[in-house]
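Subject: Structure handover

Hi,

Here is the structure for you to look through. My notes on what turned up follow below it.

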Amino acid sequence: MSKSKRKSAARPNMQQIRQDTPPDDPPPKSLGEKLLSGPRFILATVLTVAIGAAIPKIVEISSERLLPDIHAVAKEDETGINDWSQVTADAIDFRTARQLSSGGELFNDPAVKARLVKANLQGAKLIIEGSRTEAIRIVGIRARVLKVTPVISGTLFRYGPQGAEKSLKVGFDLKSPNPIAREVLDSLSPTVKLGAYYFASQSELLKKGESKVFEITTIAGPHTYEWDIQIDLAAQGRTWSIHRPDKPFRVSGLSGKYVHQYDYTLGPNRWDRIKIK
């Protein structure tokens with residue numbers, strides 16, 4: 001055998017080696033690539049789950065849109081009650097109290113004013129405007145107590161009424177386990193008395209675009225209460241409830257003992273000490 005033939009027989013065939021060598025493993029696919037390149041039922045299943053999860057929310061939103069549009073506003077309003085007293089957890093001495101009423105204001109110190117809480121009675125005004133497409137019936141109003149804490153017993157500022165205005169008068173007794181709206185027998189008496197349940201034998205019909213104004217008197221019990229108003233409505237054979245205001249009201253009951261007590265005296269327009277008998 002010639003030298004050229006021996007070299008040719010000894011030299012490996014590179015083309016054959018490339019064909020016989022297994023290819024390198026491909027890089028791993030991402031989850032998205034696997035889903036897109038895999039069986040079609042995988043992608044279909046994912047879409048079905050996503051759509052199914054959205055159905056309850058869609059139904060809920062659609063259901064809410066079927067209800068008549070109601071506009072309700074609740075705000076603190078003391079014009080209809082006989083007690084405008086306020087209390088703070090701070091112990092405010094007599095000299096500071098006298099300075100608070102200078103300039104014709106009851107409380108001219110913003111820091112003190114910000115810490116005051118209504119005491120004993122709290123007035124509120126609730127305005128409900130009906131739907132502009134159909135009549136709605138108000139079937140109940142009640143206080144919803146959200147939080148109860150100890151009574152505030154720092155300094156009491158006692159202040160009487162300046163007048164009242166006419167409206168639908170209802171009252172809540174916050175110490176009651178079921179503070180449903182009741183008739184106010186006399187909101188301007190020293191001690192407010194509540195009568196029968198207001199909606200026990202009647203309801204208030206809101207015609208298209210009509211408004212109703214409720215003047216509310218709230219009687220605090222032996223604690224401090226954070227509360228809002230639940231309004232029960234009926235229309236289209238359905239009932240539902242809304243709550244107002246967004247930020248709850250706050251009122252404290254009267255304490256058996258305060259560090260300081262002051263009474264506002266008209267004329268000199270100043271805070272004077274209350275003489276404890």
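**Aromatic pairs**

The structure holds 13 aromatic pairs. Please keep in mind that this is a predicted model.

Take one pair as an example: phenylalanine 157 and tryptophan 271. Their ring centres are 5.0 Å apart, and the planes stand at 65 degrees to each other. That makes the pair edge-to-face. The two residues come from distant parts of the chain, 114 residues apart. Phenylalanine 157 belongs to strand S6 (residues 155-158), and tryptophan 271 belongs to strand S15. Are these two residues buried or exposed? Both phenylalanine 157 and tryptophan 271 are buried.

Both rings also belong to a cluster linked by ring pairs. Its members are Trp84, Phe94, Phe107, Phe157, Tyr159, Tyr262, Tyr264 and Trp271.

**Charges over rings**

Phe94, a member of that cluster, also has a charged neighbour: arginine 273 lies over its face, 3.9 Å from the ring centre. Tyrosine 197 has a charge over its ring as well. There, the charged end of arginine 182 sits 5.8 Å from the centre of the ring.

**The sheet**

The chain has six helices and 15 strands. Nine strands make up an open sheet with mixed pairing. The order is S10-S5-S12-S13-S3-S2-S6-S14-S15. Which strands stand at the edges? They are S10 (204-206) and S15 (270-273). Each has a single partner strand, so one side of each is left without a neighbour in the sheet. On average, neighbouring strands of this sheet are turned by 40 degrees against each other, with direction ignored.

Within the sheet, look at S5 (residues 136-150) and S12 (residues 223-235). How many bridges join them? The count is 12, and the two strands run antiparallel. One of the residues to check there is proline 150, whose bridge partner in S12 is histidine 223.

S15 ties the two topics together. Tryptophan 271 of the edge-to-face pair sits in this strand, and S15 is an edge strand of the sheet. Its partner in the ring pair, phenylalanine 157, is in S6, which is also part of the sheet.

**Whole-chain numbers**

- Of the chain's 277 residues, 35% count as buried.
- The accessible surface is about 17,300 Å², and carbon and sulfur atoms account for 55% of it.
- Take the contacts between residues at least 6 apart in sequence: 78% of them join residues at least 24 apart.

Best wishes

Conventions. Residues are numbered from 1 along each chain as its sequence is written. This is a predicted model: local features need pLDDT of at least 70, side-chain atom pairs count only at pLDDT 80 or more; totals for chains, interfaces and linings use all residues. Side-chain values use heavy atoms; hydrogens and water are left out. Two strands pair if DSSP finds at least two bridges between them. Helices (H or I, at least four residues) and strands (E, at least two) are DSSP runs, numbered from the N terminus. Axes are lines fitted to C-alpha atoms, for helices over the stretch in contact, and angles run from 0 to 180 degrees between N-to-C directions. Buried means under 20% relative accessible area, exposed over 50%, partly exposed in between (1.4 Å probe, protein chains only). Contact means heavy atoms within 4.5 Å. Accessible areas come from the Shrake-Rupley method with a 1.4 Å probe; for residues, only the protein chains shown count as cover. Rings of Phe, Tyr and Trp (its six-membered ring) pair if their centres lie within 6.5 Å; planes under 30 degrees apart count as stacked, over 60 as edge-to-face and the rest as tilted. A charge sits over a ring if NZ of Lys or CZ of Arg is within 6 Å of the ring centre and within 35 degrees of the ring normal.
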